[in-house]
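Biologist: I would like to learn how to read a structure like this. Please take me through the features one at a time.

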Amino acid sequence: MKRGNNSKAIHPMRWISTTWFAMGLPFVALSGASSIMYKNMGVSDSKIAFWTSLIMLPWTLKPLWGPFLEMYKTRKFFVYITQIFTGLLFGLVGITLQLDYFFSISIAVLTIIALSGATHDIAADGVYLNELSAKEQAKYVGWQGAFYNIAKVFSGGALVYLAGELEKSAGVSTAWMIVMFVYGAIMILLGFYNMRALPSEEDVEKRPSFKEGLSTLKDVIISFFQKKYIWFSLAFIVFYRFAEGQAIKIIPLFFKASRAEGGLELTTSQIGLLYGVFGAIAFVLGSIVAGNFIAKRGLTRFSLLVLCAFFNIPFIAYAYLAIAMPTDLYLIGTAVVIEYFGYGFGFVGLILFMMQNIAPGKYKMAHYAFGSGLMNLGFMLPSMVSGVLSDYLGYKEFFIWVMIATIPAFLVTFFVPLRKPDPNENIEE
């Protein structure tokens, strides 16, 4: 697929900003904000951790339908249409919260959102890889991560804060219904904006048949596992997030739990404030600083180890909170700043590694989708058991265990072979 005629006329930041915000918003709503919502609605920690992790499965399985997308329309079409569809589904989630069996029904709708979001990500990554050279990918990867992280902080900060304030006057279910409507409205608006902002692709090539799609999928899978050092690379993208996958589900539950249970007993609004103010600034700064860092140094063994350290070591802040049990919101906020800056900084390394070590080859979009899907598996599986583990150990011992669980990330980062990219490499599939 050749670049679209107007791709050069549209500055990448016009669509990277909105597309990666739209990529991050549903993912974080499902993996983070929904945990607080269900916690406030009386669902147990283990049940929350398991189900809100299991519904993330489409982000792991997305490579299986990636090769079929180009049978219909363009990558651009799938980006904006899934944003609009996801927005409508969020509105439906809000309505289900008023029903007697709200948990099972809302989980089912959130699963459909996950399918839509995973499809969106395949198409969005395809646009990014198709429109930008390897040099440009490195240039904008920090901004890509920044806007994804802004969505994360907006979801876990501003919208959770809004829910907390609404809970005081409207009740929990009504408060979260309104917040789900807000999620939906934002996604729909982003979809209509990106309908115009995304670069248009030439749509003159012959569309593959279903049989050709199956043949392509087979070739994609075989060629993916024939890549040089692929098993080292897969170990890297799975274990890089091993500790994060366990911590990320429990952190908001730890913040919300009573002090008698070993938690910090924060209100929903306070949690939103922590993420929306402290976390927002740290996240964006971490992503931007990492983008500049990696643009100057490139993806070397040293730079990757630095990124890994920034990503994993800050989880010690939560171990401190679980041990010290502080009440000062500014001290708790400092811990959030440390972790969120490190997360924003370190996540850039994972994205660029997949772009330069997993994606290159005949099927760049599909192989990048495979890599990001398996990366999500490394996040999802630990998340599914984190609730049971934290119930068994208690919050203090759990966060100490999380620090031990960072060790595999450093081992795979130290040993994984790195590919030297050609800065002028043609990234067309």
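**Reading the fold**

Modeller: Ala359 has a relative accessibility of 2%, so Ala359 counts as buried. Keep in mind that this is a predicted model.

Biologist: Where does Ala359 lie?

Modeller: Ala359 is in the loop between α14 and α15.

Biologist: Which residues is Ala359 in contact with, leaving aside its neighbours within four places in sequence?

Modeller: With those neighbours left aside, Ala359 is in contact with Lys227, Met354, Lys364, His367 and Tyr368. Distance along the chain is another thing to read. Ala359 and Phe102 are 257 residues apart along the chain, and their C-alpha atoms are separated by 40 Å.

Biologist: Let us step back to the whole chain. How many helices and strands are in the protein chain?

Modeller: The protein chain has 17 helices and 0 strands. Its radius of gyration is 21 Å, close to the 22 Å that the globule rule gives for 429 residues, so the chain is as compact as a globular protein of that length.

Biologist: What does the C-alpha trace span along its principal axes?

Modeller: The C-alpha trace spans about 60 × 45 × 35 Å along those axes. Of the 429 residues, 60% are buried.

Biologist: And what share of contacts between residues at least 6 apart in sequence join residues at least 24 apart?

Modeller: In the protein chain, 86% of those contacts do.

Biologist: How should I read a pair of helices?

Modeller: Two packed helices are described by the angle between their axes and by the distance between those axes. Take α1 and helix α5, which covers residues 102–131. Their axes are 10 Å apart and the packing angle is about 155°.

Biologist: Why are α1 and α5 described as roughly antiparallel or roughly parallel?

Modeller: The angle decides it: over 145 degrees counts as roughly antiparallel. With an angle of about 155°, α1 and α5 are therefore roughly antiparallel to each other. The crossing of α1 past α5 is left-handed. Sorted by kind, the residues of this contact are 17 nonpolar, 3 polar and 3 charged.

Biologist: Which other pair can I compare?

Modeller: Try helix α12 (residues 301–312) and helix α14 (residues 329–358), whose axes come within 7 Å and cross at roughly 140°. α12 and α14 are therefore oblique to each other. The crossing of α12 past α14 is left-handed.

Biologist: Which residues make the contact of α12 and α14?

Modeller: From α12 come Leu304, Val306, Leu307, Phe310 and Phe311. From α14 come Phe341, Gly342, Tyr343, Phe345, Gly346, Phe347, Gly349 and Phe353. These residues divide into 10 nonpolar, 3 polar and no charged.

Biologist: Now single residues within helices. Is Gly24 buried or exposed?

Modeller: Gly24 counts as buried, because its relative accessibility is 0%. Gly24 is found in helix α1, which covers residues 12–40. Leaving aside neighbours within four places in sequence, Gly24 is in contact with Tyr148 and Ala151. From C-alpha to C-alpha, Gly24 and Arg241 are 17 Å apart in space, and they are 217 residues apart in sequence.

Biologist: What does Lys39 touch, not counting residues up to four places away in sequence?

Modeller: Lys39 is also placed in helix α1. With those residues not counted, Lys39 touches Asp45, Ile48, Leu253, Lys256 and Tyr395. The C-alpha atoms of Lys39 and Met195 are separated by 36 Å, with the two positions 156 residues apart along the chain.

Biologist: And where is Ala369 found?

Modeller: Ala369 is found in helix α15, residues 364–393. Ala369 counts as buried because its relative accessibility is 4%. Leaving aside neighbours within four places in sequence, Ala369 is in contact with Lys62, Pro63 and Ile122. Ala369 and Trp59 are 310 residues apart along the chain, yet their C-alpha atoms are separated by 8.9 Å.

Biologist: One last feature: backbone angles. Which value does phi of Tyr229 take?

Modeller: Phi of Tyr229 is near 60°, a positive value in a residue other than glycine. Tyr229 lies in the loop between α8 (210–225) and α9 (230–239). Its relative accessible area is 42%, so Tyr229 is partly exposed. Met325, in the loop between α13 (316–324) and α14, has a positive phi near 50° and is likewise a residue other than glycine.

Methods
Residues are numbered from 1 along each chain as its sequence is written. This is a predicted model: local features need pLDDT of at least 70, side-chain atom pairs count only at pLDDT 80 or more; totals for chains, interfaces and linings use all residues. Side-chain values use heavy atoms; hydrogens and water are left out. Axes are lines fitted to C-alpha atoms, for helices over the stretch in contact, and angles run from 0 to 180 degrees between N-to-C directions. Helices (H or I, at least four residues) and strands (E, at least two) are DSSP runs, numbered from the N terminus. Angles under 35 degrees count as roughly parallel, over 145 as roughly antiparallel, 65 to 115 as roughly perpendicular and the rest as oblique. A crossing is left-handed if the near helix is turned anticlockwise from the far one by less than a right angle, and right-handed if clockwise. Contact means heavy atoms within 4.5 Å. Ala, Val, Leu, Ile, Met, Phe, Trp, Tyr, Cys and Pro count as nonpolar, Asp, Glu, Lys and Arg as charged, and the others, Gly among them, as polar. Buried means under 20% relative accessible area, exposed over 50%, partly exposed in between (1.4 Å probe, protein chains only). The radius of gyration is taken over C-alpha atoms; the globule rule is 2.2 Å times the number of residues to the power 0.38.
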